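Please look at the sequence and the structure shown here, and keep both at hand while you read. The paragraphs that follow lead through a few strands, some charged pairs and some parts of the surface.

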Amino acid sequence: MISSTETPVKCYHCGDDCPDESILSEDKHFCCQGCRTVYEILEENNLCTYYDLNQNAGVSLKSGDHKGKFDYLDQAEIVTQLLDYQSDTVSKITLYIPAVHCSSCVWLLENFHKIKKGVVSSRLNFLKKELSLSFDNRQVSLKEIAGLLTTLGYEPQISLQSREKSTVKNNVQRNLILRIGVVGFCTGNIMLMSFPEYFHLDLQNKVDSTYQGFFLYFNFILALPVFFYGASDYFKSAWISIREYFKNTDSVFSVDIPIALGITALFGRSVYETFANHSAGYYDSLAGLVFFLLTGRWIQQVTYNYLSFERNYKSYFPLAVKTLRDQKEQFINVSQLEKGDIILIHHQELIPADAILSSGKGLIDYSFVSGETDPQSRRPGDLIYAGGRQKGGQLQLVVQKPVSQSYLTQLWNNQAFKEEKVMPTTELANAFSKYFTVITLLIATITGIYWYINNPEVMLNSVTAVLMVACPCALTLSMPFTMGTTMGIFGRNKFYVKNQGVIQLLNEIDGIVFDKTGTLTRNNSEKIIFKGKPLTENEKNLVAHLCSASAHPLSQMIARDLGQQEKLTTDYFKETEGQGIEGRIDGHLIRLGKRGFIEVPDLDPLVRHTHSYLSIDGMLCGCFVAEPVFRPHWQKVIKKLSRSFKLFLLSGDNDAEKDKLQPCFDQHAVRFHQTPQDKLDFIRQKQEENMHILMIGDGLNDAGALRQSHVGIAISEDVKVFTPACDAILDASVFDRLNDFLGFSKTAINIVKASFILSLVYNFIGIGWAVSGQLSPVMAAIFMPLSSISVVLFATGLTHLFAWLKGFYRIPASDANLRSL
């Protein structure tokens, strides 16, 4: 054994501490047999460059037993549902690999065909964690591929949702990118063709003059797709806004109306200059403006493609389950389960439908579904709800309801999941849209009338200049660029928001609802405390030996906490379901379990956590208590937030932590034993009281509340694995910065407002200049993009400056992998 004073040996594969130095291969140490197996596979296939790219790049495989896990992939019907393409010889599939995290992972997975015979090619989308494989189905099966990937530490995540391949493309995003491409092409070529005009070249000879005329009309041709295709959405939006306004269905003119007027004025005046005066016009300004506007719109739609914000129960449920039909075991898709089907569930497997236990001893973990941390004992005849995970031996259950009608999935039938959240605009933007269009048209009309009476020759130039300068492009761009920059800053600090509208919604929050289990406490992390007389080293060894023989989660935690120092002789061992365990070890009778099982009076009537009493040779020694581990600085976080927000706590767990939590919240703001529906109803009630609620949770039991709230944040120990549907994902390691993120959301909105004011200053100056008749259309065409660029630089620069001042650029070196994304 390694002494506690010595520096622990690191595993050559994954970098974890090695418990001893017994697992060796070529003088390299490994923490477990799984890590050594991966190394030997890579060594055999000459792929050890994997370790040269990143030291200790592998994934720990201490709990890597996947025997039988992919047996359902022997069923041809199930495999067919997963494949992207299939022929007699070649099959193609896309697998989601959550464990991908560095360049070594990319290199290994893209060389996967060198490891497994029959794999033709493999390509990895690093951002989306998706591995696209082509393989010869005559030489290798999907089951073998999934098994080998899991052995290597890259287990594919195959769930019920994996088979539901979306047939509807994101046409809006695709069309927008296509528009940007077309307009960008036209913009570059228009500027290239405009070089003679930029340098005021005086082309006297006939040949050069001919080329100049060609460039002039060629620019007009290039401007046509910019105007009629690139800017068409602005014209459609403007027309719809006008139509709805006169139908009395909308009282606010769209901000796209003055944009459409400005674009039309630019194009119309350019066409006039081209064909009437045979001069260049302002096609370069027009194309650049439209390109800039489309880029801003694209930035507004940017989100984190490698994260999923729309997961439901299908992402959590397995794809297939083993059934017993006609006395034969076979796998079927869980969506095909019917009432009366007999299903077989093994250790650590999830129960996909409401069912009655017919045989076996159930020890069901509902922590991710209800928030209850204690596993529930179930006997034959008991009803077991979908979503629980078996922590013991094999169970045989009789399905009572199809998956789509189970207790858990009924939550997704709530109205909250059928309605899309409305993303807001700021009040200033609404006021701007309401008045700016009318004021612009009024100024242009008055300017035209004035100059028509006093100097008709100036009228056209003045009206055109007013419409060009008054285009609110700078204002409409400040919002997406500021919010896009804020999204990037949040992402680098491990807070991932779904879209820019979420940041605006965060600015309106006045109440925050917390879940407890997995939110304020660490997920699947409890500390063992022994209450009673101190145990000797020999007694600790006896208890650890007894607990290591049990599959109960508490027994396993106690065994890990105590550690086993030496081998002991077990005369007999017995586990009584729902009561406790006992055994005679080295001549000592050890009993561990409930008070009645130990047959002693209650040691501490106030113990409300998961606990087990211990007796040795009939003498009570005390009890082991499993207490949840709270996140670092959680009380400091709550205290800071309480200064600006009204706080609530809704937990599906028992009230064992009430004494610790209650002082941090108002008297009636803490509730325990809350069902998923209770949480959703509570938030709806607060919304009816005109509160804007932020919900922070982590499990399926929080999904309804996350959806109903104005903003739902899912907190996760690993953002790449399952999180319920939400508006944002917060990495658990930065939970203590929650107040900083909420505060910076307000800062971002204030920056947008400052940009609005700057944009209005530009418009006042420009419009005043244009009305005077001294601003030529050429200067107006230059002034408009310059004002847009300056406002965008102001907004993004100010956002970065405040982010630096608030410490958002102080990122630990260990986060380099996330930065690379």
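Two strands are said to pair if DSSP finds at least two bridges between them, and strands themselves are DSSP runs of at least two residues, numbered from the N terminus. With these terms in hand, and bearing in mind that this is a predicted model, we can begin with three strands that follow one another along the chain.

Strand β19, which covers residues 570–576, pairs with β20 in the antiparallel sense, and six bridges join them. One residue to find here is Glu-575, whose bridge partner in β20 is Ile-581. On β20 there is also a pairing with strand β21 (residues 588–593), again antiparallel and over six bridges. Ile-581 takes part in this pairing as well, since its bridge partner in β21 is Leu-592. Between β20 and β21, which form a hairpin, there are two residues, and in this hairpin Asp-586 takes a positive phi near 50°.

Is strand β20 largely enclosed or largely open? A residue counts as buried when its relative accessible area is under 20%, and five of the six residues of β20 (residues 580–585) are buried, so the strand is largely enclosed by the rest of the structure.

We can now turn to the charged side chains. Side chains of opposite charge can pair when their charged atoms come close. How many salt bridges does the structure hold? There are 13 in the structure, and a few of them are worth following one by one.

One of these salt bridges joins Glu-144 to Lys-116, with 4.0 Å between the closest N and O atoms. This pair links distant parts of the chain, for Glu-144 belongs to helix α5 (residues 142–151), while Lys-116, 28 residues apart from it, sits in the loop between α4 (103–110) and β5 (119–125). Glu-144 is partly exposed because its relative accessible area is 38%, and Lys-116 is likewise partly exposed, with a value of 21%.

Arg-269 and Glu-273 give another example, their closest N and O atoms being 3.0 Å apart in a salt bridge. Both residues lie in helix α10 (residues 256–276), where they are four residues apart, or about one turn of the helix. Arg-269 and Glu-273 are both buried.

In a further salt bridge, the side chains of Arg-138 and Asp-136 meet at 3.0 Å, N to O. Arg-138 is exposed because its relative accessible area is 60%, whereas Asp-136, at 8%, is buried. Charged side chains can also be linked in a network of salt bridges, as Asp-71, Asp-74 and Lys-143 are.

Finally, consider the surface. Which residues make a nonpolar surface patch of about 490 Å²? The patch is made by Leu-801, Phe-802, Trp-804, Leu-805 and Tyr-809. Of these, Trp-804 has its place in helix α27 (residues 777–805), and Trp-804 counts as exposed because its relative accessibility is 53%, where the cut-off for exposed residues is over 50%.

Another residue to look for is His-668, which is found in the loop between α23 (658–661) and β25 (670–671). His-668 counts as exposed, because its relative accessibility is 66%. Along the chain His-668 and Phe-648 are 20 residues apart, and their C-alpha atoms are separated by 8.5 Å.

Definitions and conventions
Residues are numbered from 1 along each chain as its sequence is written. This is a predicted model: local features need pLDDT of at least 70, side-chain atom pairs count only at pLDDT 80 or more; totals for chains, interfaces and linings use all residues. Side-chain values use heavy atoms; hydrogens and water are left out. Patches are made of residues with over 30% relative accessible area and no salt bridge: like charges are joined within 9 Å, nonpolar side chains (Val, Leu, Ile, Met, Phe, Trp, Tyr) within 5 Å. Accessible areas come from the Shrake-Rupley method with a 1.4 Å probe; for residues, only the protein chains shown count as cover. Buried means under 20% relative accessible area, exposed over 50%, partly exposed in between (1.4 Å probe, protein chains only).
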